[in-house]
Amino acid sequence: MNPAEKGEIMMACAMKFSAGAVRNQLRHNRRTIEHSSNRDIDPERLEHDYVLSPDRGMTGYDYFLQRKSELYCYNRDDVKVMVGWIVTAPQDLDPARYDDFFCASYDFLENRYGKENVVQAIVHDDEGGQPHLHFCFIPVEEDPKHEQGYKICANDVLDRRELRNFHPDLQRYLDEHGLEDAHVMTGVTKRQGGNRTVAQLKVEREQEYQQEVERPALYFGESKIEQGLHF
């Protein structure tokens, strides 16, 4: 299913995966499933997709297994060992800016969750809707109780505070890197209060930015835009 459809524009949404679902999800993102159930995929547009995650000389699943082995993980089948953010290009963004938008979004996510925890990041532009980024990572938290020093815990990484701050933090990062025209905070569903005017959204964005007490200072590193990496 395309992440933006039926009038509900969700600029970013997250899903959690247990170990048994990881391999198929990564294969789906890579379009290596021979008979995919996703009828929105246009085979003639597959060449428009591209990868942003590091080339580690192995498959994303093999890297997932390698990184997972370095971390403490509870021995339960229901443990969510991977998280996938889907970030959709805003509908009012100039298509010529899509690559910049996805590179900046990737930088934001990589620095937020750790480069070593990135399993896969792929931009899809082969479906009948807005292009979107699939960013899959292992949710890692410090854990002094175990010898590994770090554990996998999706509930701690994607807690209520993180979900509340994600969009305003991403919007601020985009604004600071020359993408003020990428309005990721405009995707509001009816359940969330319906569409609001541009003026209202600007006021709400400023209010979010002023809530520094609730949000830790984050260093995002040098962006791919600053490094001159474009597609």
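Q: Which residue is the bridge partner of Cys13 in β3?
A: Keep in mind that this is a predicted model. Strands β1 and β3 run antiparallel, with 7 bridges joining them. β3 covers residues 80-88, and the residue there that bridges to Cys13 is Ile86.

Q: What is the order of the strands in the open sheet?
A: The sheet is open and has 5 strands, paired in antiparallel fashion. Strands of a sheet pair through backbone hydrogen bonds. Reading across this one, the order is β1-β3-β5-β4-β2.

Q: Which strands stand at the edges of the sheet, and why is one side of each left without a neighbour?
A: Look at the two ends of the order β1-β3-β5-β4-β2. A strand there has a single partner, so one of its sides has no neighbour in the sheet. The strands in question are β1 (12-18) and β2 (50-51).

Q: Is Ala14 buried, partly exposed or exposed?
A: Ala14 lies in strand β1. Its relative accessibility is 32%, and buried would need under 20% while exposed would need over 50%. Therefore Ala14 counts as partly exposed.

Q: What separation do the C-alpha atoms of Ala14 and Ile86 have?
A: Along the chain these two sit 72 residues apart. Ala14 belongs to β1, and Ile86 is in β3 as the bridge partner of Cys13. In space, the C-alpha atoms of Ala14 and Ile86 are separated by 6.3 Å.

Q: Is Val119 buried or exposed?
A: Val119 lies in strand β4. The cut-off for buried is under 20% relative accessible area. Val119 has 5%, so Val119 is buried.

Q: Which residues does Val119 touch, not counting residues up to four places away in sequence?
A: Start with what lies over its strand: helix α2 (residues 60-69) lies across β3 and β4. Val119 is in β4. Its contacts are Leu26, Arg56, Gly60, Tyr63, Phe64, Met82, Cys136, Phe137 and Ile138.

Q: At about what angle does helix α2 run to β4?
A: Helix α2 covers residues 60-69, and β4 covers 118-124. The helix lies across β3 as well as β4. Its angle to β4 is about 150 degrees.

Q: How far does α3 reach from its first C-alpha to its last?
A: Helix α3 has 16 residues. At 1.5 Å a residue, the expected reach is 22 Å, and the helix comes close to that. Its reach is 22 Å.

Q: How many of the residues of α3 are buried?
A: Helix α3 (residues 98-113) packs on the sheet, touching β2, β3, β4 and β5. The helix is mostly covered. Out of its 16 residues, the buried ones number 14.

Q: Which element gives the most to the largest nonpolar core?
A: The largest nonpolar core has 35 residues. Elements that each supply at least two of them are β3, α3, β4, β5, α4 (154-157) and α5 (160-176). With 9 residues, the one that gives the most is α3.

Q: Which residues have the most contacts inside the largest nonpolar core?
A: One of them, Phe101, touches Val87, Leu93 and Leu174, among other residues. That core counts 35 residues altogether. Those with the most contacts inside it are Leu52, Phe101, Phe102, Leu109, Tyr113, Leu133 and Phe135.

Q: How many residues are in the second, separate core?
A: Among its members are Leu26, Cys136, Ile138 and Ile152. Leu26, Cys136 and Ile138 also touch Val119. The second core has 13 residues.

Q: How many residues lie between β6 and β7 in their hairpin?
A: Strands β6 (residues 140-143) and β7 (residues 149-152) run antiparallel, joined by 4 bridges. Val140 has Ile152 as its bridge partner, and Asp143 stands opposite Gly149. The number of residues between the two strands is 5.

Q: What share of the contacts with a separation of 6 or more comes from residues 24 or more positions apart?
A: The chain has 6 helices and 7 strands, and its elements run β-α-β-α-β-α-β-β-β-β-α-α-α from the N terminus on. Ala14 and Ile86 are an example of residues far along the chain from each other, at 72 residues apart. For contacts in the whole chain with a separation of 6 or more, the share from residues 24 or more positions apart is 73%.

Methods: Residues are numbered from 1 along each chain as its sequence is written. This is a predicted model: local features need pLDDT of at least 70, side-chain atom pairs count only at pLDDT 80 or more; totals for chains, interfaces and linings use all residues. Side-chain values use heavy atoms; hydrogens and water are left out. Two strands pair if DSSP finds at least two bridges between them. Contact means heavy atoms within 4.5 Å. Axes are lines fitted to C-alpha atoms, for helices over the stretch in contact, and angles run from 0 to 180 degrees between N-to-C directions. The expected span of a helix is 1.5 Å times one less than its number of residues. Buried means under 20% relative accessible area, exposed over 50%, partly exposed in between (1.4 Å probe, protein chains only). A nonpolar core is a set of buried Ala, Val, Leu, Ile, Met, Phe, Trp, Tyr and Cys residues joined through side-chain atoms within 4.5 Å.
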